[in-house]
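Colleague: I'm new to this one, so could you walk me through it and tell me how you know each thing?

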Amino acid sequence: MDLAYTPEEQAFREEVRAWLNDHLDPALATKVREDQRLSRDDIQGWAKVLGKKGWLAYGWPQAFGGPGWGAVQKHVFAEELARAGAPGIVPFGPVMVAPVIMAFGTPEQQKRFLPGIASGEVWWSQGYSEPGSGSDLASVKTRAERQGDHYIVNGQKTWTTLGQHGDWMFNLVRTSNEGKPQTGISFLLLDMKSPGVTVRPIKLLDGECEVNEVFFDNVKVPADQLIGEENKGWTYAKHLLAHERTNIADVNRSKRELERLKRIAKQEGVWEDQRFRDQIALLEVDIVALEMLVLRVLSAEKSGKNSLDIAGLLKIKGSEIQQRYTELMMLAAGPYSLPFIEEAMAAGWQGDFPGGEVANAPLASRYFNMRKTTIYGGSNEVQRNIVAQTLLG
Amino acid sequence: MDFDFSDDQQQLRDAARRWVDKAYTFEHRRAAVNAGGFRRETYNALAELGLTALNVPEAHDGMGLGAVDAMVVMEEMGRGMVLEPLAQSLIAAKVLAQYGADAVQADWLPRIASGEALVVLAHQERRARYRLDQCESKAQQTPDGYTLTAHKSLVPAGDQADAFLVPALLNGTQALFLLERSAPGVTTRGYVTQDGSRAAELEAAHSPATLVTAEGLAALELAVDTGSAAVCAEAVGVMDQVLTITADYLNQRKQFGVAIASFQALRHRLADMKMQLELARSMSYYASLQLDQPADQRRRAIARARVQLGQSMRFVGQQAVQLHGGIGVTDEYIVSHQFKKLTQLEMTYGDSLHHLGEVSARMQATAGVGDT
C-alpha cells in the first residue's frame, strides 16, 4: 500500500502539465476558474486542441487511436486539466458513445464515427431521458419503426445537455413492445440535421439554456446507424453507464473549487469567522475522503482485482460535494450574491457590480445550476437503491 | 498509488481474524467485561501471536513492521471489540523507538515486544480536555535522576499495566517520562469505561521515573497520532462488522408480513451507512499512510481522518441501533456494545469537534491527498 505516485506516473503528470502550460489559453482558463459563461466556441475550440494532440479520446485504447492509458494515468490527466482551469470535456462523444461504438459497432461504424469524436469536430448529444422517462429509463416511448433500410423515428427526448450545439445524437428508442420494457429498446445514432428534428432549448433556474427538448417527427434514419442488434439497446446502455465511473465524482474540479472557495472567503472577510471556516474545513475533509475513495477504485482497476463495490458511492458523494461548495461560495458572498445580473456573469463585463467584486456575479447562478447534480446520471435516490441492492440483495 | 495489501499483510489479517473468531467470541468478551475489562492472559495471547511486537524494531526483538500492518491488525481487533489495549504497544514502540535513549530502548522494547511489559500512555489531565500542550504534572531532577508528581486520568488498563509514558513539566517545558507502576509513591484506581474496557486514575507523588525525551510535546503528539490511527482502524473493523450484522437483520426480521429489508426508507439508511463506512475506511488508510510523514503533514492528516471517522462512527453506531429497533437497545445483543465501542472511540484522543478545529486551523490554499 502506497500513497505516492510512481516515478512514471509523476513524469506523466509533468508531461501533461507542461503541455497544458503551452496550449491552454490563459484567458480561457480564467473564464473557467471564475465560472464565467462559456460559448460553444470556447468548449469546442478547446476540444479540438485536445483532439489534435490525441488527448480528447483520452480514455480510448490504442487500437482505436487513443493513448491507451491506464486508470491512474487517466485520473492524473483529468486532475491536471482541472487544476489548469481547462474547460470540462463534454463527455457524450468521447466518454459515452465512443466506448459503445467500439464494443458493439461494426468496423464500418467505427471507421465512420470514431475519428470525428476523437478530433472534436463532431459534437454528440445524448438522447436518453423523455418527459415520461427520468430515473425509470427503461420506459422510453420514442418509437423507431423499421421500413426497408430505414427507421422512422417519432417521439421526444428531453434534458438533452447542450443539445443546441449537437451535430449527432445517440438515442434509446423503442423498437418493440413485446416482453419486459428493457427488451424492446434499441441504440440508434442519428444526424441532428435530419429533417423532422427540432431542438428547443429549456431555460433553467440559473438563467441559462443548458438543456433542451428534442422532437422527432417522422425522422428518417438509415438502418446502418443502428448499433448492434435491434432490441438489445438496453445492454449497450448499461455498458455505457458502467464506463468511467470515477469520472462522475469529479473530485478534481472540486479540489480546484475548494481553492476558489477559500479565496472568496478571504475576499469577503469570512475566512477568520470560525463558524464559517469550520464549514470549509468540513468540506475539505469531505473532498480528501472522496479523493481517497476515487483512488481506491482506480487502484483496484489498476491491479485488476476490482472487487470494490463502492463505485456507486462516488456519484452520491461527488454530487453532494459539488452542491456544497457552490452553496458555501454563495453564502461567503452573502448579500452580494443577491444581485443577479446576467451580463456580469460573462467575461469582460465593464459594468459596476454592486459591492465592487464582479467575481461574485455568477455565484448564485452556479449554486442554482448545481442542484442538477443529485438528479442527473441516475438520481441519488436511485444510486442508494443500487448500493442497497448490493448489500441486501 | 496502490491500495492493495501485500500477501504478508493478508496473512497477518487472517491470523488475527482466526484468533478473534476462535478465542474472542462475543461470549468471551462478555466474560472479560464482567471480569473488569482487562485480562492479562488475553494480552499474553496477543503477544504469543506476535502482535505486541509488530512495530518494535527488529534490533529489539520486534517484527519491525509498519503503520499499514498495524492498521490491518487493529481492524481485526475492532471486529472483535477486543478490550485489551493492543494499540498501547504500538504507541509505546513508536515513541520509544523514535525518542528513547539507547539504554531505555534496550531495556523496554524487547519486553514490550514479548508482552512481558504492558506500557501505556498516561497523558489525560482534568483541565486539558483534548489539548496536548496543557499539562500540570511536574517532574523534578534529583541527584539520582528524576521524580514525578502527577495525576492522570483514563489510563488504559492503568491498574494492570507495568509502566506508563507520562508527560510532565520539567523546568516549565513538557518532557516525557517512563514511570513504573511498582515505583514508590504510585497509586492507581481502576474503573470501567463506556465500552466495558478498563482504565484507571494514576497518581504519582515524588516517584522516581526515567526520562524518555525532553521533547515531550512532540513525542506526545506522535503518541496520540499513533493512537488516533489505531482508533481509525479499530473503528473501521467495528463498523464493517456492524454493517454485516445490520444487513443480515434487515433480511431476517419480518414485519407486516415481509422482510423489513423490503422497505426503501431502511434500504437507503443502510446505503448511507455503507457510504460512511467506506469514507471512514478510505480515511483510515490515509491516516496510517501519513503516520510516518513530517509532524505538520502527519498532524493535519490525522485530524482530517478523525473528523471523517467521528462522523462515520456516530452515524453508523446510532443508525445500527435504530435499524434493529428494540433489540438494538438491549445489553443482550451485540449491536448495543458496538454502538458503545464506537462512542468511546470517537472520544479517544480527541473528539470530532476538537479535530475539526485542528483541520480548520491547519487549512492551506490547496488541499488533497497529495498535500505535503
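Modeller: Sure. In chain A, the C-alpha centres of domain 2 and domain 3 lie 30 Å apart. It's a predicted model: local features need pLDDT of at least 70, side-chain atom pairs count only at pLDDT 80 or more, and totals for chains, interfaces and linings use all residues. Residues are numbered from 1 along each chain as its sequence is written, with chains lettered from A and ligands numbered from 1 in the order in which they are written.

Colleague: Where do the domain bounds of chain A come from?

Modeller: From an automatic or database domain assignment, which gives domain 1 (7–91), domain 2 (124–231) and domain 3 (244–392).

Colleague: What makes domain 2 and domain 3 of chain A count as in contact?

Modeller: Two residues are in contact if their C-beta atoms, placed from the backbone, lie within 7 Å. Four residues of domain 2 of chain A are in contact with seven of domain 3 of chain A.

Colleague: And how many residues do chain B and chain A bring to their contact?

Modeller: Chain B puts in 35 residues and chain A 38. On the chain B side, H8(B) gives the largest share, 13 residues.

Colleague: Why is H7(B) called mostly covered?

Modeller: A residue is buried if 20 or more other C-beta atoms lie within 10 Å of its own, exposed if 12 or fewer, and partly exposed in between, with C-beta atoms placed from the backbone. In H7(B), 27 of the 37 residues are buried, so "mostly covered" fits.

Colleague: What is the mean pLDDT of chain B?

Modeller: That confidence, given for each residue from 0 to 100, has a mean of 97 in chain B.

Technical notes. Helix = DSSP H or I, 4+ residues; strand = E, 2+ residues; numbered from the N terminus. pLDDT = per-residue confidence, 0-100.
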